[in-house]
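Please look through the sequence and the model shown below before reading on. The paragraphs after them go from one part of the chain to another, pausing at side chains, loops and surface patches.

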Amino acid sequence: DLELHLQRCQQLSVTVLTDHQDLSNTELKTITNSTAPQQYRIRAKLRTYKPQKLHQSVKLHCSKCNSLQEVPDRDDFDFILHCSAGTAPNPELHNTSWYESVTWTTQEQKQREIAIHFVKHDEMLQHPEDTLIMIEGGTLKEIWRLTKKFKCVIPVRSAEDDLELLDLSAPFLLKGNIKYYGCKQCSTPKPVKNLSSIAAEQQPSWEPTEIAQVLGIELLQYVFVMKFTLVDETGSLNAYLFDY
């Protein structure tokens, strides 16, 4: 447990943070006065680390524009789904050459229309574990249920002449228990019908990178980011951890 480990580090008077045994120890003052890049071995105290809660260290990174952003929370996704449910599924967009559609109306007090589009391969439906589905009007709970049965789930809504992705504040794809996001700044969403090119492949893999590419989405990657403040008798140094 990294959080417990960091707490232990703070309790120690001196902690070795790097392991370059062939290098002698360098004072922090010398490092801050040096030009990068250099390689050093240090002996220092861990004064503070941020963020304090480990889950806050996970961010979304765009390799194209190099931006870092917070992972949207459950409420954000729920709100976007709720707003998109206000647009009723368009029957004219159902049952095309590359997907089969099923619709129904919920029995709750505020009725919702839900449509699920099952992407076909060689004009046939595949086993659920190999199938990509698109859903209109579903709740977060309903979508998570579907991710347990189908390979990939894409939340969509009806546009004038094609299905379209939701706002990119929401995940454009869910696979298993992972939500995949696109960069708002670098993405240029393309028509959902572009997915038919993957369905036509000999063995569609439905990999997130390939789906993102045909949909014009710049895929964001989950990264782990932390900041450590190190001190010795000569000064202090901020160290940043950034890893996929």
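A good place to begin is Lys59, which counts as buried because its relative accessible area is 16%, and the cut-off for a buried residue is under 20%. This is a predicted model, and every value given here has been computed from it. The side chain of Lys59 meets that of Glu70 in a salt bridge, with N and O 2.7 Å apart. The two partners come from distant parts of the chain, since Lys59 belongs to strand S3, residues 58-61, and Glu70 to strand S4, residues 68-70, with their positions 11 residues apart in the numbering. Their surroundings can be told apart as well: Glu70 has a relative accessible area of 52% and is therefore exposed, whereas Lys59 is buried.

The salt bridge between Lys59 and Glu70 belongs to a set that comes to five in the model. Another of them is formed by Glu142 and Arg112, whose closest N and O atoms are 2.8 Å apart. Here too distant parts of the chain are linked, for Glu142 is in helix H4, which covers residues 140-147, while Arg112 is in the loop between strand S5 (99-105) and strand S6 (113-119), and the two are 30 residues apart. Arg112 has a relative accessibility of 13% and so counts as buried, while Glu142, at 21%, counts as partly exposed.

A further salt bridge joins the side chains of Asp167 and Lys184, with a distance of 3.8 Å from N to O. In this pair both residues are in loops, Asp167 between strand S9 (163-165) and strand S10 (173-175), and Lys184 between strand S11 (178-180) and helix H5 (196-199), so that parts of the chain 17 residues apart are linked. Asp167 is partly exposed at 36% relative accessibility, and Lys184 is exposed at 53%.

From these pairs of opposite charge we can turn to a place where like charges gather. Asp73, Asp75, Asp76 and Asp78 form a patch of negative charge on the surface. One of them, Asp75, lies in helix H3, which runs over residues 74-84, and Asp75 counts as exposed because its relative accessibility is 54%.

How are the buried residues of H3 arranged around its axis? The residues in question are Phe77, Ile80, Leu81 and Ser84, which are buried in this helix. Seen down the axis of H3, these buried residues fall within an arc of 100 degrees, and therefore they line one face of the helix. The other side of H3 carries exposed residues, namely Asp75, Phe79 and His82. A general property of helices helps in reading such a pattern: an α-helix has 3.6 residues a turn, so residues three or four places apart point the same way.

The nonpolar side chains have a surface patch too, made by Val58, Ile178 and Tyr222 and covering about 210 Å². Val58 is found in strand S3, the strand that also holds Lys59, and Val58 counts as partly exposed because its relative accessibility is 32%.

The backbone has some features that deserve a look of their own. Most residues other than glycine have a negative phi, and most peptide bonds are trans. Against that background, the peptide bond from Ala36 to Pro37 is cis, with omega near -5 degrees, and Pro37 has its place in the loop between helix H2 (28-32) and strand S2 (43-50). A cis peptide bond also joins Lys50 and Pro51, where omega is about -5 degrees, and Pro51 is found in the loop between S2 and S3.

Two asparagines have a positive phi. For Asn66, which is not a glycine, phi is near 65 degrees; Asn66 is found in the loop between S3 and S4, the strands that hold Lys59 and Glu70, and Asn66 counts as exposed because its relative accessibility is 57%. For Asn95 the positive phi is about 55 degrees, and this residue lies in the loop between H3 and S5. With a relative accessible area of 48%, Asn95 is partly exposed.

Methods: Residues numbered from 1 in each chain as written. Predicted model: local features only at pLDDT ≥ 70, side-chain atom pairs only at ≥ 80, totals over all residues. Heavy atoms only, no water. Patch = residues over 30% accessible without salt bridge, like charges linked within 9 Å, V, L, I, M, F, W, Y side chains within 5 Å. Areas by Shrake-Rupley, 256 points an atom, 1.4 Å probe, with all protein chains shown as cover. Salt bridge = Lys/Arg side-chain N within 4 Å of Asp/Glu carboxyl O. Lys, Arg positive; Asp, Glu negative; His and termini not counted. Charge placed at Lys NZ, Arg CZ, Asp CG, Glu CD. Helix = DSSP H or I, 4+ residues; strand = E, 2+ residues; numbered from the N terminus. Buried < 20%, exposed > 50% of the residue type's maximum accessible area, 1.4 Å probe, protein only. Arc of directions from axis to C-beta.
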